[in-house]
Amino acid sequence: MSGTEGVASAASAVIVRMEPRVAEVTDAVRDVILAQIPELRGDTQLVELLRASVEGNIVTIFAAIRHGIDVAGVTAPVAAVEYARRLAQHDVTPNALVRAYRLGQQELLRLVFAEVRAGGLDSDTALEVFEATFTATSQYIDWISEQVVEVYRRELDRWRESRERIRGDQIRRILSGSTDSRSVDELSGALRYPLRERSLAVIMWYPKPELERGELIGMERFLHLAAKQVGAASAPLFMAHDRQTAWGWIPLSARTADGAVETLRALGASDEQAPSLAIGAPRSGVAGFVRSHELAEHARAVAVRAPGEDRVTVASGDVGVVIAAMLGGDLSTADVWVREVLGPLAEPTESDAHLRHSLQVFLEAGSSFTAAAPLLHLHTNTVKYRVRKAIERRGRPLEDGRLDVEIALLLCRRFPTITGPNWR
């Protein structure tokens, strides 16, 4: 076997050993990118798409090295192309995209080199494998970066040329408080939306997007249907946040504001084509326009963590939603705190889930066994038994940090991943 063939064979063997750990390698590369480039720390869906892009690129690079494929003819993975489009829609600079590829290459090479060292190759062969891997990944990054940057630029041009983009910029300025000195009436005229009215904000998305399905059209249709259903004062305001997420505002009168949230929730449940919904609360004026959207964002932060849900609707007024959104940004920290507060009661078992549920309903019912019994569909004595067992399981009296207990139970309810899939 020639020297070149021997190096290729050794490099291929390294990749074969690493392929079973693609998920681990992907997470390591993604974490480095997010740590170094704050611009890429978007919402949950954007971060998930970043991971899919990283994984697609790693799988392609591994295949090229393992099988001796010329990377100059490789097409960018679908997820990488879509991620470039999405960054353009979120106004993330192309420099951040290119830097992500360079940082990703550095971390991937570090992991590959560690595997080479662990393989017990002689120093000369190891060096040649290092060089071959560096060359292959550099060529790949150069080639793929050109492709995704071109995709990014085309998408950015398309996005900026849209009239909706102009209105979206205005909405974002209002949400950020950068409205210059224009009056409410001037802003209303620019948006063609009555900012003096009460506004009910809603965030819409499809949990399993199909890029050719026309999600934005479906969401806009739903918003207009919802506005009609709740008796809107005039036409709603629709804004595409990106290709699969939309923001909306429904103008309401004093008469139609009451009950609008529940009407919207019911419509979402009855319409099979409805998107997932995060609903704010009716608020007045420009400040209310902004606040209702902030509340909808709190609701969405909770909604996107709902496990196993094809479609979900969460309103900011639902019990515990706002506080769960504020406390749930770092679930690893929340997990530790919940377990400190609840002790063994936080365990991911079905029996503990039932005990948590009974205790929470009991507390929400004003610590009344009689009031909690019909809510739980249980006899009063059974409620007493479950509450007593829950307190015993926790290992401390309920009076010891009662507020912490209530908050911890709310976090368990809103973020089931804290305790596992058994919570309900």
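The largest cavity in this structure has a volume of about 200 Å³. Before I go on, note that this is a predicted model. How many cavities of 30 Å³ or more are there? The count comes to 1.

What surrounds this space? The largest cavity is lined by 17 residues, and the closest to its centre are Val54, Asn57, Ala100, Tyr101 and Gly104. Four helices each supply at least two residues of the lining: α2, residues 22–36, α3, residues 44–67, α5, residues 94–118, and α6, residues 123–161. By type, the lining divides into 12 nonpolar residues, 5 polar ones and no charged ones.

Charged residues come next, as pairs. As general background, side chains of opposite charge can pair when their charged atoms come close. How many salt bridges does the structure hold? There are 24. I will go through three of them and then one network.

Start with Glu19 and Arg66, whose side chains meet in a salt bridge at 2.6 Å, N to O. Glu19 sits in the loop between α1, residues 3–18, and α2, while Arg66 belongs to helix α3, so this salt bridge ties together parts that are 47 residues apart in sequence. Are these two residues buried, exposed or in between? Glu19 has a relative accessibility of 26%, so it counts as partly exposed. Arg66 is at 34% and therefore also counts as partly exposed.

The second pair is Glu115 and Arg21, with the closest N and O atoms 2.7 Å apart. Here too distant parts of the chain are linked: Glu115 is in helix α5 and Arg21 in the loop between α1 and α2, 94 residues apart. The cut-off for buried is under 20% relative accessible area. Glu115, at 15% relative accessibility, therefore counts as buried. Arg21, at 27%, counts as partly exposed.

The third pair stays within one helix. The side chains of Arg85 and Glu82 meet in a salt bridge at 3.3 Å, N to O. What separates Arg85 and Glu82 along the helix? Both are in helix α4, residues 78–89, and because they are 3 residues apart, about one helical turn lies between them. The general rule is that an α-helix has 3.6 residues a turn, so residues three or four places apart point the same way. Of this pair, Arg85 is partly exposed, with a relative accessible area of 28%, whereas Glu82 is buried, with 4%.

Now the network. Asp27, Arg30, Asp31, Arg51 and Glu55 are joined into one network by salt bridges that share partners.

Let me move to two helices further along the chain, beginning with α15. Helix α15 covers residues 350–364, which is 15 residues, and it reaches 21 Å from its first C-alpha to its last, close to the 21 Å expected at 1.5 Å a residue. Among the buried residues of α15 are Asp352, Arg356, Leu359 and Phe362. After α15 comes Gly366, with a positive phi near 75 degrees.

The other helix is α17, residues 380–394. Its 15 residues should span 21 Å at 1.5 Å a residue, and the end C-alpha atoms are 21 Å apart, so expectation and model agree. Which residues of α17 are buried? They are Val383, Val387, Ala390 and Arg394. These residues cover an arc of only 60 degrees around the axis, which means they are on the same side of α17. Gly395 follows α17, and its phi is positive, near 90 degrees.

The last topic is backbone angles. In general, most residues other than glycine have a negative phi. Two residues in this model are worth pointing at on the screen.

Asp91 has a phi near 60 degrees, a positive value in a residue other than glycine. Asp91 is found in the loop between α4 and α5. Its relative accessible area is 39%, so Asp91 is partly exposed.

Ser367 also has a positive phi, near 60 degrees, and is a residue other than glycine. Where is Ser367 found? It is in the loop between α15 and α16, residues 369–376. At 26% relative accessibility, Ser367 counts as partly exposed.

To go back to the start: the lining of the largest cavity has no charged residues, and the structure holds 24 salt bridges. That is all I have.

Notes. Residues numbered from 1 in each chain as written. Predicted model: local features only at pLDDT ≥ 70, side-chain atom pairs only at ≥ 80, totals over all residues. Heavy atoms only, no water. Expected span 1.5 Å × (residues − 1). Buried < 20%, exposed > 50% of the residue type's maximum accessible area, 1.4 Å probe, protein only. Arc of directions from axis to C-beta. 1 Å grid on protein atoms, 1.4 Å probe; cavity = no way out; pocket = protein on both sides within 12 Å on 5 of 7 lines; lining within 4 Å. Points joined across faces, edges and corners; volume = space filled by probe spheres on them. Nonpolar A, V, L, I, M, F, W, Y, C, P; charged D, E, K, R; others polar. Salt bridge = Lys/Arg side-chain N within 4 Å of Asp/Glu carboxyl O.
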